[in-house]
Amino acid sequence: MRSIWNGAISFGLVSIPIKLVNATESHSISFRQIHTEDGGRIRYRKFCELEDREVTQAEIGKGYEDADGSIVPITDEDLSRLPLPTAKTIEIVAFVPADRIDPLQMDAAYYLAASGAPAAKPYTLLREALKRSNRVAIAKYALRGRERLGMLRVVGDAIAMHGLLWPDEVRSPEGVAPDAGVTVRDKELDLADALMDTLGEVDLDDLHDEYREAVEEVIAAKVAGHAPPEAPEPAAGGKVLDLMAALENSVRAAQESRGETAGATAAAAKKTPAKKTAAAKKPASKSAAKKTPAKTTAKSTAKKATTKKTAASAKKTAPRKRSA
């Protein structure tokens with residue numbers, strides 16, 4: 001894998017030479033812009049507005065536009081001399097439990113490859129220390145013109161780094177959730193639980209990009225001069241008027257798709273509610289709690305009276321049996 005950045009991990013006084021390589025790759029299909037009338041490629045040309053001529057990539061540099069509109073040229077040499085310890089170093093600043101990192105902060109992922117034989121020992125030391133502590137390392141580094149935050153963790157026998165957004169780059173979810181008061185009944189939650197249990201887990205390796213496959217089919221058909229495949233008719237949608245019925249139907253459909261019977265569906269849906277309903281009866285009112293002992297006493301008294309009557313009748317009938 002081609003490295004995109006060379007530097008070192010700063011681990012206290014230990015320096016580990018590393019190479020940064022991309023841990024992910026995109027399989028999305030790219031399209032070109034064309035002129036719809038004749039199919040000609042649409043290209044972007046870069047012009048200098050002062051000379052009014054096209055310029056090559058070698059003639060293009062960076063510049064910062066000041067408040068008054070003037071441009072301040074910034075060279076790669078200027079950026080390489082930034083007074084930052086992270087310019088060429090991934091500086092570890094802390095070690096924290098992995099659950100302290102909000103997934104919303106996760107960005108691009110990289111592998112950190114040991115650079116040369118001298119890096120093998122300290123690289124392995126950091127990897128094993130992360131494993132044994134069950135923690136991740138929080139680090140700062142500079143890449144593509146800005147300082148960034150990163151999280152180092154162990155993946156197999158390698159150390160991976162996830163770029164992290166700065167905390168102030170993550171927006172608050174305020175105003176996203178429904179603002180109207182909504183009450184969810186226990187039975188609805190029970191059916192939702194049953195649906196989740198029915199769908200179960202999935203091996204992520206079994207999932208694939210069906211959209212990309214469909215686009216490839218369209219392209220292959222057009223290359224072969226055939227009509228592209230037609231999309232199936234979308235399922236008739238409607239307003240969900242009865243949430244309970246929709247959940248029950250969802251559980252049934254999920255069970256059937258897995259080859260399970262409708263009876264198993266009903267059992268799965270009833271199993272969870274029964275437990276939760278029993279639990280729901282526990283925090284009953286005080287008046288109900290008082291009534292319960294009275295009922296129990298009444299039943300106990302009736303049981304004793306019945307037992308006495310049975311014993312008395314048994315005594316009367318016994319002599320008759322012996323005379324017979």
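Start by selecting Glu 128: at 35% relative accessibility it is partly exposed, a class that lies between buried (under 20% relative accessible area) and exposed (over 50%), with a 1.4 Å probe and protein chains only. Now add Lys 131, which is partly exposed with a relative accessible area of 37%. Lys 131 and Glu 128 form a salt bridge whose closest N and O atoms are 3.7 Å apart; the term requires a side-chain nitrogen of Lys or Arg within 4 Å of a carboxyl oxygen of Asp or Glu. Both residues sit in helix α2 (residues 120-133), 3 residues apart, about one turn of the helix. Helices (H or I, at least four residues) and strands (E, at least two) are DSSP runs numbered from the N terminus.

A note on the model before moving on. This is a predicted model, in which local features need pLDDT of at least 70 and side-chain atom pairs count only at pLDDT 80 or more, while totals for chains, interfaces and linings use all residues. Residues are numbered from 1 along each chain as its sequence is written, and side-chain values use heavy atoms, with hydrogens and water left out.

Next, select Asn 134, in the loop between α2 and β9 (135-143). Asn 134 is not a glycine, yet its phi is positive, about 55 degrees. Most residues other than glycine have a negative phi. Asn 134 is exposed, with a relative accessible area of 63%.

Select Asp 52 for another positive phi, near 55 degrees, in a residue other than glycine. Asp 52 lies in the loop between β3 (47-48) and β4 (53-54), and is exposed at a relative accessible area of 62%.

Go on to Arg 53 and Glu 59, whose side chains meet in a salt bridge (2.8 Å, N to O). Arg 53 is partly exposed, with a relative accessible area of 34%, and Glu 59 is also partly exposed, at 44%.

Move to helix α4 (residues 210-223) and select Glu 216 and Arg 212. Their salt bridge has its closest N and O atoms 3.2 Å apart. Glu 216 and Arg 212 are 4 residues apart in α4, about one turn of the helix. Glu 216 counts as partly exposed at 37% relative accessibility, and Arg 212 counts as partly exposed at 23%. Back at the earlier pair, salt bridges that share partners join Glu 51, Arg 53 and Glu 59 into one network. A search of the whole structure finds 10 salt bridges.

Stay on α4 and select Val 223, which lies in that helix and is exposed, with a relative accessible area of 71%. Add Phe 31 and Ile 219: with Val 223 they form a nonpolar surface patch of about 350 Å² accessible area together. Patches are made of residues with over 30% relative accessible area and no salt bridge, joined within 9 Å for like charges and within 5 Å for nonpolar side chains (Val, Leu, Ile, Met, Phe, Trp, Tyr). Areas come from the Shrake-Rupley method with a 1.4 Å probe; for residues, only the protein chains shown count as cover.

Then select Arg 100, in the loop between β7 (89-97) and β8 (106-114). Arg 100 is exposed, at 59% relative accessibility. Arg 100 and Arg 135 are 35 residues apart in sequence and 9.7 Å apart in space, C-alpha to C-alpha.

Finish with helices α3 (residues 186-199) and α5 (residues 243-257), whose axes come within 9 Å and cross at roughly 15 degrees. Axes are lines fitted to C-alpha atoms, for helices over the stretch in contact, and angles run from 0 to 180 degrees between N-to-C directions. α3 and α5 are therefore roughly parallel to each other, a label for angles under 35 degrees; over 145 is roughly antiparallel, 65 to 115 roughly perpendicular and the rest oblique.
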